[in-house]
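Please open the model in your viewer and keep the selection panel at hand, since each stop of this tour begins with something to select.

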Amino acid sequence: MPKYDAEAVRALIARRRPGHALEGAFYTDPEIFRADIDAIFHQHWIYVAVECEVPEPGDALAVDIGASSVVIVRGDDEQVRAFHNVCRHRGARLLPPGPSIVGNLVCPYHAWTYGLDGDLKFAEHMGDGFDPSCHGLRPVAMRSVGGLLFICLAETPPDDIDDLARQIEPYLAPHDLRNTRVAHSADLVEYGNWKLVMENNRECYHCTPNHPELTIPLFAYGFGFAPEELTPEGQEQAARYETLRQTSHAAWEEAGLPSRLIEHLDDRPTGFRTERLPLDGAGESQTMDTMAACRVPLGSISDKAAGGLHFWTQPNSWHHFMSDHVVTFTALPLDEGRTLVRTKWLVHKDAVEGVDYDLEKLTDIWNVTNRQDADLVEMTQRGVADPAYVPGPYSPYTEGLVEKFMLWYLARLRAHLG
Amino acid sequence: MPKYDAEAVRALIARRRPGHALEGAFYTDPEIFRADIDAIFHQHWIYVAVECEVPEPGDALAVDIGASSVVIVRGDDEQVRAFHNVCRHRGARLLPPGPSIVGNLVCPYHAWTYGLDGDLKFAEHMGDGFDPSCHGLRPVAMRSVGGLLFICLAETPPDDIDDLARQIEPYLAPHDLRNTRVAHSADLVEYGNWKLVMENNRECYHCTPNHPELTIPLFAYGFGFAPEELTPEGQEQAARYETLRQTSHAAWEEAGLPSRLIEHLDDRPTGFRTERLPLDGAGESQTMDTMAACRVPLGSISDKAAGGLHFWTQPNSWHHFMSDHVVTFTALPLDEGRTLVRTKWLVHKDAVEGVDYDLEKLTDIWNVTNRQDADLVEMTQRGVADPAYVPGPYSPYTEGLVEKFMLWYLARLRAHLG
Amino acid sequence: MPKYDAEAVRALIARRRPGHALEGAFYTDPEIFRADIDAIFHQHWIYVAVECEVPEPGDALAVDIGASSVVIVRGDDEQVRAFHNVCRHRGARLLPPGPSIVGNLVCPYHAWTYGLDGDLKFAEHMGDGFDPSCHGLRPVAMRSVGGLLFICLAETPPDDIDDLARQIEPYLAPHDLRNTRVAHSADLVEYGNWKLVMENNRECYHCTPNHPELTIPLFAYGFGFAPEELTPEGQEQAARYETLRQTSHAAWEEAGLPSRLIEHLDDRPTGFRTERLPLDGAGESQTMDTMAACRVPLGSISDKAAGGLHFWTQPNSWHHFMSDHVVTFTALPLDEGRTLVRTKWLVHKDAVEGVDYDLEKLTDIWNVTNRQDADLVEMTQRGVADPAYVPGPYSPYTEGLVEKFMLWYLARLRAHLG
């Protein structure tokens, strides 16, 4: 019944070759998966929702994170809180996954009734010896970072979330996330280990061969290249991109849009990275025609061509903030070979579908790109499960951020195993 | 290849807090599940069928109990016997699950042919050195208790089945089970551990919030309440129920229907409980209108309003005997997170569907109640699998029989582990 | 994370009773399954395809063997080679299962490009320190035996494949496999351990009770019987068969068709067996009417009534060569309880469907027989998984070749465990 052999996991970590993908066991062994859940997903800040999903008192959202489930609910005092979605009586789930509107949190089984602050208000037939004050819902640490809700299942969550919030909130603030709403949400089960999903997300080396749609707005040169390999034409394009990046940053910062790179991927528990990236074509949005998909601008942004602010967190989220909409992603492990990728598209709360935006135009580039990435993740999962697989080298130019993800992951895993 | 770590199971048993639900591992760990199969389902009397399902010589019924399968067959001498459904040659199943009519038991693979008494009568090509008398079907202990067939997979079954039969048969006799037939049978896979299915069955605390149909005939007060919490109206209802129970018991016993409580849930291997309970409304049957669903009465019962005799056995069966029909239930574990609940509705063997009873009226209250219970079991299975789950207290008033189920289970498990 | 407990496997091997089926664990325990993959499927020659499936340079075929996958590809030099289907960068599969036509082998993920000889020709962004010559595809041992392609995943494959080829190729040569093509291919997942699939294939004791179609062309007496049990009619039939076999062998050998039994099932790593067997009726083919299904004869065979040459290999293939068509089978383990049986029907490469042969007539006898065998395997898998299963004796007359399969298997397993 032990969940994993810590000694064996430590040995695997110790023999990892720097700059290379991991051995197959990291992606396929159920024991490593259980260690990942313990050491990574139960100890770190996990992005789960947007504050605008629970706008009013009594609005609740249940989110499953593997075997765990968390209820996020706005109280009558307007505070948003998070609780374990587990009744203190016999353990039944209080709410099904997804949104609910509630007066109290009433367990469906025996009607134990909790207030929106988690206190047990009512439990029938429990007799005199029963103390309701010892049977409130177990709270979960939660933190809104500019409107993005992160939870942490650990007793003592990493406190560097404060520094993250301090640094990132000025970047997010112009997009005014609290005045958005979810225009669309899509759950995609990818048939690969969660780390393959993350490795895939942390490089654009695969973009040119695989993402013909995404590379319309996104510059392939934005995430690294081998300079000595460039053709004269390639050199010209790379130079054009670098100039655009610098002039855009200067103009955006001048206009009150923080844009310059901040990168703390592997030097802290709550690793993150952000940078506002120029987009190609009209430069407005991650859409097929590079133009804004929604007519109602977000927050205080007057220039449509505000590029795409990307914001990554370790272990498992990434986000794109544009002038007209936001796309957020979270990767939630299901088992060693399956990961749920949940994507949400946010628009201004007053934007009307069919009037201010066309849902298909808003969502198609990431729907098709997610599907392409899911295929890549699946064929890689099959390959790394092959006994003949040997980890190959990461490109020093295009996979440096994958290596940083791995360094972070291995350090966090080792830290937890002690 | 060891099935479970007995030391770890003993440690889990030892730290169980009395009066509380079990730790999550008991419901989710595959090792505990294997211990349950070994210690509970392979050592105790398991209700599997009704004698009337094999009325004639050559009538056979194969019943799967997890990985085990048992053939029940009536021989030419009218005796009903049980055998392991495993050919003594290469191991093939002799019969598919469910009913068959057979002359001999012929293995489909190489046509080894067994008599209805289990003897190997014929096996081609086995040569002179082969002794058929050493290759008969392996018998399984079987016992009819008033027409309910129990099997036991152990070499030495608990002998307290004799005392159980002696006590319970007078209660069942008036319903004359041997002159019934199965009007309907339904298999429902519940997505929860078998113990959650049983805990659910052993209390009616959840009835009021969840079973609007079942509580039409069934008194919610029949399975306990906290007296100090009752409103004046509740006190009046509880008093009315208690009076009804006592006067009904007296009248029924006078009329030859044994009715008073016998409870031996946790003081023996083959725990059981019985009591004839008054029903609400017309008081005749567990139906939506509380009236008999079948016009042909069972056995010797002249008064339709004979209430509902309930009969429970440990580990896994429960039954309701009314004047017009009987409903029997058995819970068969599939794996740590799935349990098959098999329900059978019995009517008098001469009752004609569409003439003497309407099948939907006969079955709807338990079909809908089973579905509700399956949902409760599933949401509880998810909750107890959550790392944040901590076992809560049972109600001393409404969950005392759940506690008795648990005391029985833990004692039996400990006894087997030694 | 260890794959299996070698000591426990050795103990199970040691207590096996000769002449009897194996204990249930051999068929159901995931540890034994992993030992089988390691000791059997990763160490021996596995039949995977026919050379005619990759007729031209650039023709490729990817074959999954459990978690392994192999690419078979014909190079510009006309050589057929095999490689692990795993990119040397991040491990992605290069080709999906089944046939492809390729110029180079290009990984879909980051476009690493390998030549048809496996050399890495191109990998972008890898920088100066990267040596492509260290990152070619990993080769897999491959051998064509008269046009049947066998691969071996071991570093040092058994060298007795040379002797096998020397002995068997004269038998296969008249059927000229290199001038055939695949008329039809069928994948069937059988719900049983791979050894049950093989045991089923190595005896015809089950044919009379189960294969009414196959026993039209195939003599039930061809694979053994208990002489003392025969009726006078049976004795006559057995004598007729034996005479037919001897006269046919003499005539076929005279006509240049090697026919006599060669059997090396259990005396070497690459066990095999062959014999040309007379067929009943017209004696031409394994069809419902015993006549040739295809009008275009194979190779140099002038007499349609050339019987059915059977060729078996250990661990997992069997083949039937007739004058008009060939049927090949390979059994590939999926997990301890599931096995993929892949069947291919070959006809002369110039034969035209609908003109020279009717596809249904060509395939129906083995389609229906495979389905019957799959049912037998499934009911046996369920039976051997029953705790009440005890291994029974093999018939000394009809299951001698099953015993040889088992002796081979156990010896190979023991040899690998050391």
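A salt bridge here is a side-chain nitrogen of Lys or Arg within 4 Å of a carboxyl oxygen of Asp or Glu. Keep in mind throughout that this is a predicted model.

**First stop: chains A and B**

With that cut-off in hand, select R90(A) and E399(B), whose closest N and O atoms are 2.5 Å apart, so that the pair satisfies the definition of a salt bridge. The count of salt bridges between chain B and chain A is 4, and the count of residue pairs in polar contact between these chains, both residues being at pLDDT 80 or more, is 18.

To see which parts of chain B take part, colour α1 (6-14), α3 (30-41), α5 (194-201), α6 (207-210) and α8 (359-384) of chain B, each of which supplies at least two residues of the side that touches chain A. Among the contributors to that side, α8(B) gives the most, with 6 residues. If you then colour by residue class, the side of chain B that touches chain A shows 21 nonpolar, 8 polar and 10 charged residues.

Now widen the selection to the whole contact, in which 39 residues of chain B meet 27 residues of chain A. Chain B and chain A bury about 2,700 Å² between them, with 57% of that area on carbon and sulfur atoms.

**Second stop: chains A and C**

Next, hide chain B and show chain A with chain C, where the contact takes 39 residues from chain A and 27 residues from chain C. The area buried between chain A and chain C is about 2,700 Å², and carbon and sulfur atoms give 57% of it.

Select R93(C) and D386(A), whose side chains meet in a salt bridge with an N to O distance of 3.0 Å. Between chain A and chain C the count is 4 salt bridges, and there are 18 residue pairs in polar contact with both residues at pLDDT 80 or more.

Which elements of chain A give two or more residues to the side that touches chain C? They are α1 (6-14), α3 (30-41), α5 (194-201), α6 (207-210) and α8 (359-384) of chain A, and the largest share, 6 residues, comes from α8(A). By class, the residues on this side of chain A divide into 21 nonpolar, 8 polar and 10 charged.

**Third stop: how the copies are related**

Show the three chains again and superpose chain A on chain C, which takes a turn of 120 degrees and a shift of 0.0 Å along the axis, and gives an RMSD of 0.0 Å. The two copies are therefore related as by a three-fold rotation axis. For chain B laid on chain A, the operation is a rotation of 120 degrees with 0.0 Å of shift along its axis, again with an RMSD of 0.0 Å.

**Fourth stop: inside chain A**

Isolate chain A and give separate colours to domain 1 (53-140) and domain 2 (161-417). The C-alpha centres of these two domains of chain A lie 34 Å apart, and their contact takes 5 residues from domain 1 and 5 residues from domain 2. The area buried between the two domains is about 350 Å², of which carbon and sulfur atoms give 56%. On the domain 1 side, select E53(A), I65(A) and G66(A), which supply 70% of the area that this domain buries against domain 2, more than any other three residues.

Keep E53(A) selected and add K344(A), because the side chains of these residues meet in a salt bridge at 2.7 Å, N to O, which is within the 4 Å cut-off. Across this domain interface the rule finds 1 salt bridge, and the count of residue pairs in polar contact, both at pLDDT 80 or more, is 1. The residues of domain 1 on the side that touches domain 2 comprise 2 nonpolar, 1 polar and 2 charged.

**Last stop: backbone details**

Most residues other than glycine have a negative phi, and most peptide bonds are trans. Zoom in on Q314(A) and P315(A), which are joined by a cis peptide bond with omega of about 10 degrees; P315(A) sits in the loop between β14 (308-313) and β15 (317-321) of chain A. In chain C, a cis peptide bond joins Q314(C) and P315(C), with omega about 10 degrees.

Finally, select H125(B), a residue other than glycine with a positive phi, near 65 degrees. H125(B) is found in the loop between β8 (120-122) and β9 (141-145) of chain B.

How values were computed. Residues numbered from 1 in each chain as written. Chains lettered and ligands numbered in written order. Heavy atoms only, no water. Domains from an automatic or database assignment. Contact = heavy atoms within 4.5 Å. Buried area = accessible area lost by both parts, 1.4 Å probe. Polar contact = N/O pair within 3.5 Å; in protein donor to acceptor, adjacent residues only side chain to side chain. Nonpolar A, V, L, I, M, F, W, Y, C, P; charged D, E, K, R; others polar. Helix = DSSP H or I, 4+ residues; strand = E, 2+ residues; numbered from the N terminus. Least-squares fit on C-alpha atoms with pLDDT ≥ 70 in both.
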